[in-house]
Amino acid sequence: MAQIAQDRMDDGRRRWLIATSVAGSIAGVATFVPFIDSFAPSEKTRAAGAPVRADISKLDAGDMMTVGWRGVPVFVVSRTPQMLAEVVAANAMVADPDTKRPFSMPLPGYCRNEYRSRAEHRNILVVVGVCTHLGCTPRPRFQPGPQANLPDTWPGGFLCPCHGSTYDLAGRVFKDKPAPQNLDVPRYMFDSLTSVVIGKDEHGEA
């Protein structure tokens, strides 16, 4: 009888240990799954990299609007015929007129022209508003001619307030400036006459 009682006690102990082990494993999995989920990108993070659409219906000739994309400003400029002429005039003054040395993204093939824009909308400039020197945001200085902190022969463009780098009206850096490269041109496309999508083109998303 004593042996039978001992066997029953051992069997009960085994069952208790198995139940405790299983419960611990389940709790461990329950704890581990949220830990793994904490590394998954949030909806906000995923959305930050998505293409953005900009309504340019109210963008007058000679004006600029700024659009946020991937946490950086993107400048959309509606250039006048005179501003386009200034781009051509600046060819000899910029360091890399053909953007052979892109900054952080390749120049889209459809922007490999003197205006760095799509041929069907050559007046619309789309560039990332981040100075290629130390990441400040350049300011529009579209008015040509002598003015503070700019040369007398200024053709119009952008001035970085941090260290004086200047860019022309196609976002190309002028010679002998701290910034080593032109402003980036992101992939973009027009889905209507008055709407531009930044971060996506006919080949897909950037």
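Student: What makes Cys 136 and Cys 162 a disulfide?

Tutor: Their sulfur atoms are 2.0 Å apart, and a disulfide is a pair of cysteine sulfur atoms within 2.5 Å, so this pair qualifies. In chemical terms, a disulfide is a covalent bond between the sulfur atoms of two cysteines. Before we go on: this is a predicted model, where local features need pLDDT of at least 70 and side-chain atom pairs count only at pLDDT 80 or more, while totals for chains, interfaces and linings use all residues. Residues are numbered from 1 along each chain as its sequence is written, and side-chain values use heavy atoms, with hydrogens and water left out.

Student: Why is the disulfide of Cys 136 and Cys 162 called left-handed?

Tutor: That comes from the torsion about its S-S bond, which is about -100°, so the disulfide is left-handed. The pair also links distant parts of the chain: Cys 136 sits in the loop between β4 (124–128) and β5 (139–141), and Cys 162 in the loop between β6 and β7, 26 residues apart. Strands here are DSSP runs of E with at least two residues, helices are runs of H or I with at least four, and both are numbered from the N terminus. The C-alpha atoms of the two cysteines are separated by 6.5 Å.

Student: Why does Cys 136 count as buried?

Tutor: Its relative accessibility is 18%, and buried means under 20% relative accessible area, with exposed over 50% and partly exposed in between (1.4 Å probe, protein chains only). Cys 162, at 37%, counts as partly exposed.

Student: How do you know that Cys 131 is in no disulfide?

Tutor: Look at the nearest cysteine sulfur: that of Cys 160, 3.8 Å away. That value misses the disulfide cut-off, so Cys 131 is left out. Cys 160 is in no disulfide either. Both are buried, Cys 131 with a relative accessible area of 2% and Cys 160 at 3%. The structure holds 1 disulfide.

Student: On to the rings. What makes the aromatic pair of Phe 142 and Phe 158 edge-to-face?

Tutor: A pair of aromatic rings is described by the distance of the centres and the angle of the planes. Rings of Phe, Tyr and Trp (its six-membered ring) pair if their centres lie within 6.5 Å; planes under 30 degrees apart count as stacked, over 60 as edge-to-face and the rest as tilted. Phe 142 and Phe 158 are 5.5 Å centre to centre with 85° between the planes, so they fit the edge-to-face class. Phe 142 is in the loop between β5 and β6, and Phe 158 in strand β6, 16 residues apart. Phe 142 is buried at 16%, and Phe 158 is buried at 0%. Another edge-to-face pair is Tyr 188 and Phe 190, with 6.0 Å between centres and 75° between planes. In total, a search of the whole structure finds 5 aromatic pairs, and ring pairs link Phe 75, Phe 142 and Phe 158 into a cluster.

Student: How do you know that Arg 118 lies over the face of Tyr 110?

Tutor: A charge sits over a ring if NZ of Lys or CZ of Arg is within 6 Å of the ring centre and within 35 degrees of the ring normal. Arg 118 is 3.7 Å from the ring centre of Tyr 110. Arg 118 also lies over the face of Tyr 188, at 5.7 Å from that ring centre. Tyr 188 itself is buried, at 0% relative accessibility.

Student: Why do the buried residues of α3 line one face of the helix?

Tutor: The buried residues of helix α3 (residues 81–89) are Met 83, Leu 84, Glu 86 and Val 87. Seen down the axis, they fall within an arc of 155°, so they line one face. That arc is taken from the directions from the helix axis to the C-beta atoms. These residues pack against β3 (72–78).

Student: Last one: why does Asp 176 count as exposed?

Tutor: Its relative accessible area is 79%, on the exposed side of the cut-off. Asp 176 is in the loop between β7 and β8 (188–192), with phi near 60°, a positive value in a residue other than glycine. Thr 99 has a positive phi too, near 50°, but Thr 99 is buried, at 3%.

Key: Contact = heavy atoms within 4.5 Å.
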